[in-house]
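User: I should like a close look at a single part of this protein, followed by an account of how that part sits within the whole. Please keep the answer connected.

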Amino acid sequence: MAEAKAAAKGKKEAPDTLWSRRDFFSYAGWASFLGALGLSSLYFTRLLFPRVLFEPSPIFKAGNPQDYTVGEVSTKWVKDKRVWIVRDDEGIYAIFALCTHLGCTPRWLRTENKYKCPCHGSGFTREGINFEGPAPRALERLKIAVAPDGQIVIDKSKKFLLEKDEWTKAEAKLLA
Ligand code: FES
């Protein structure tokens with residue numbers, strides 16, 4: 001008996017730890033649970049805001065036909081919409097300001113009566129026909145119509161190509 005007591009005295013007692021093993025696993029379990037909960041909450045929140053690209057509508061109103069002067073190329077929609085509106089003796093048409101070579105935006109040069117692409121020098125007549133530089137085809141025209149309120153409506157999603165003989169279609173020109 002005395003030997004056993006001596007042996008017990010000789011053993012070092014385990015130091016008091018802040019957390020017992022059971023506490024540690026309990027806290028670790030809660031931490032894992034809360035972590036997983038947080039991640040799944042983030043995931044579901046992310047689902048509420050899908051990665052969608054909001055593109056502007058291809059359709060826009062461009063004022064009244066009277067706003068456009070016969071014989072002039074209007075550049076007022078080039079910056080925002082990339083569209084020239086041209087009025088001739090017959091009516092009004094819209095040209096997409098996108099070079100048919102590699103897609104730069106040409107400039108309307110009124111004194112030279114042509115559109116000139118700054119990238120590789122393609123030139124287009126007032127009507128949009130390519131006549132110099134590497135552009136392989138004419139500029140594209142866009143659908144044009146009149147809305148019930150009398151305003152011009154341009155639809156950039158509908159294009160008319162000269163090489164397909166589409167410039168003569170009714171929607172490619174507004175007789176006004
Ligand atoms: S992009 Fe216009 S000439 Fe090349």
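Where is the place of asparagine 113?

Analyst: The model is a predicted one. In it, asparagine 113 is found in the loop between strand S5 (107-109) and S6. Its relative accessibility is 36%, so asparagine 113 counts as partly exposed. Leaving aside residues up to four places away in sequence, asparagine 113 touches Trp108 and Arg126. Asparagine 113 and arginine 126 lie 13 residues apart in sequence, and the distance from C-alpha to C-alpha is 6.2 Å.

The surroundings of this loop include a group of charged residues. A network of salt bridges links Glu112, Lys114, Lys116 and Glu132. Side chains of opposite charge can pair when their charged atoms come close. Within this network, lysine 116 and glutamate 132 form a salt bridge in which the closest N and O atoms are 3.0 Å apart. That pair links distant parts of the chain, with lysine 116 in strand S6 and glutamate 132 in strand S8 (residues 130-132), 16 residues apart. Lysine 116 has a relative accessible area of 24% and is therefore partly exposed. Glutamate 132, at 23%, is likewise partly exposed.

Lys116 and Glu132 also appear among the contacts of serine 122. This serine is placed in the loop between strand S6 (114-116) and strand S7 (123-125). With a relative accessible area of 1%, serine 122 is buried. Not counting residues up to four places away in sequence, serine 122 touches Cys99, His101, Tyr115, Lys116, Cys117, Glu132, Gly133, Pro134 and Ala135. One of these neighbours is also reached by a polar atom pair: the side chain of serine 122 comes to 2.8 Å from the backbone nitrogen of alanine 135.

Further along the chain, glutamate 140 forms a salt bridge with arginine 137, the closest N and O atoms being 2.9 Å apart. The two partners differ in their exposure: glutamate 140 counts as buried at 11% relative accessibility, whereas arginine 137 is partly exposed with a relative accessible area of 26%. Another salt bridge joins the side chains of lysine 61 and aspartate 149, with an N to O distance of 2.8 Å. Lysine 61 lies in strand S1 (residues 59-61) and aspartate 149 in the loop between strand S9 (141-146) and strand S10 (152-160), so this pair ties together parts that are 88 residues apart in sequence. Lysine 61 is partly exposed, its relative accessible area being 41%, and aspartate 149 counts as partly exposed at 44%. In the whole structure, a search finds 9 salt bridges.

The charged pairs may be set beside an enclosed strand. In strand S3 (residues 83-87), 5 of the 5 residues are buried, so this strand is largely enclosed by the rest of the structure. Val83, Ile85 and Arg87 point one way from S3, while Trp84 and Val86 point the other way, and all are buried. S3 has antiparallel partners in two strands. Strand S2 (residues 72-74) is joined to S3 by 3 bridges, and the two run antiparallel; valine 73 stands opposite valine 86 in S3. Strand S4 (residues 92-96) is joined to S3 by 5 bridges, also in antiparallel fashion. Within that pairing, isoleucine 95 in S4 is the bridge partner of tryptophan 84. S3 and S4 form a hairpin, with 4 residues between them.

A nonpolar region is also present on the surface. Trp30, Phe33, Leu34 and Leu37 make a nonpolar surface patch of about 450 Å². Tryptophan 30 belongs to helix H2 (residues 21-48) and, at 52% relative accessibility, counts as exposed.

The overall framework can now be stated. The protein contains 3 helices and 10 strands, and from the N terminus on its elements run α-α-β-β-α-β-β-β-β-β-β-β-β. Of its 176 residues, 29% are buried. Among contacts between residues at least 6 apart in sequence, 43% join residues at least 24 apart. The protein exposes about 12,300 Å², of which carbon and sulfur atoms supply 58%.

To return to the part requested, asparagine 113 is a partly exposed residue in the loop between S5 and S6, with Trp108 and Arg126 as its contacts beyond four places in sequence.

Terms used. Residues numbered from 1 in each chain as written. Predicted model: local features only at pLDDT ≥ 70, side-chain atom pairs only at ≥ 80, totals over all residues. Heavy atoms only, no water. Patch = residues over 30% accessible without salt bridge, like charges linked within 9 Å, V, L, I, M, F, W, Y side chains within 5 Å. Areas by Shrake-Rupley, 256 points an atom, 1.4 Å probe, with all protein chains shown as cover. Salt bridge = Lys/Arg side-chain N within 4 Å of Asp/Glu carboxyl O. Buried < 20%, exposed > 50% of the residue type's maximum accessible area, 1.4 Å probe, protein only. Polar contact = N/O pair within 3.5 Å; in protein donor to acceptor, adjacent residues only side chain to side chain. Contact = heavy atoms within 4.5 Å. Pairing = 2+ DSSP bridges.
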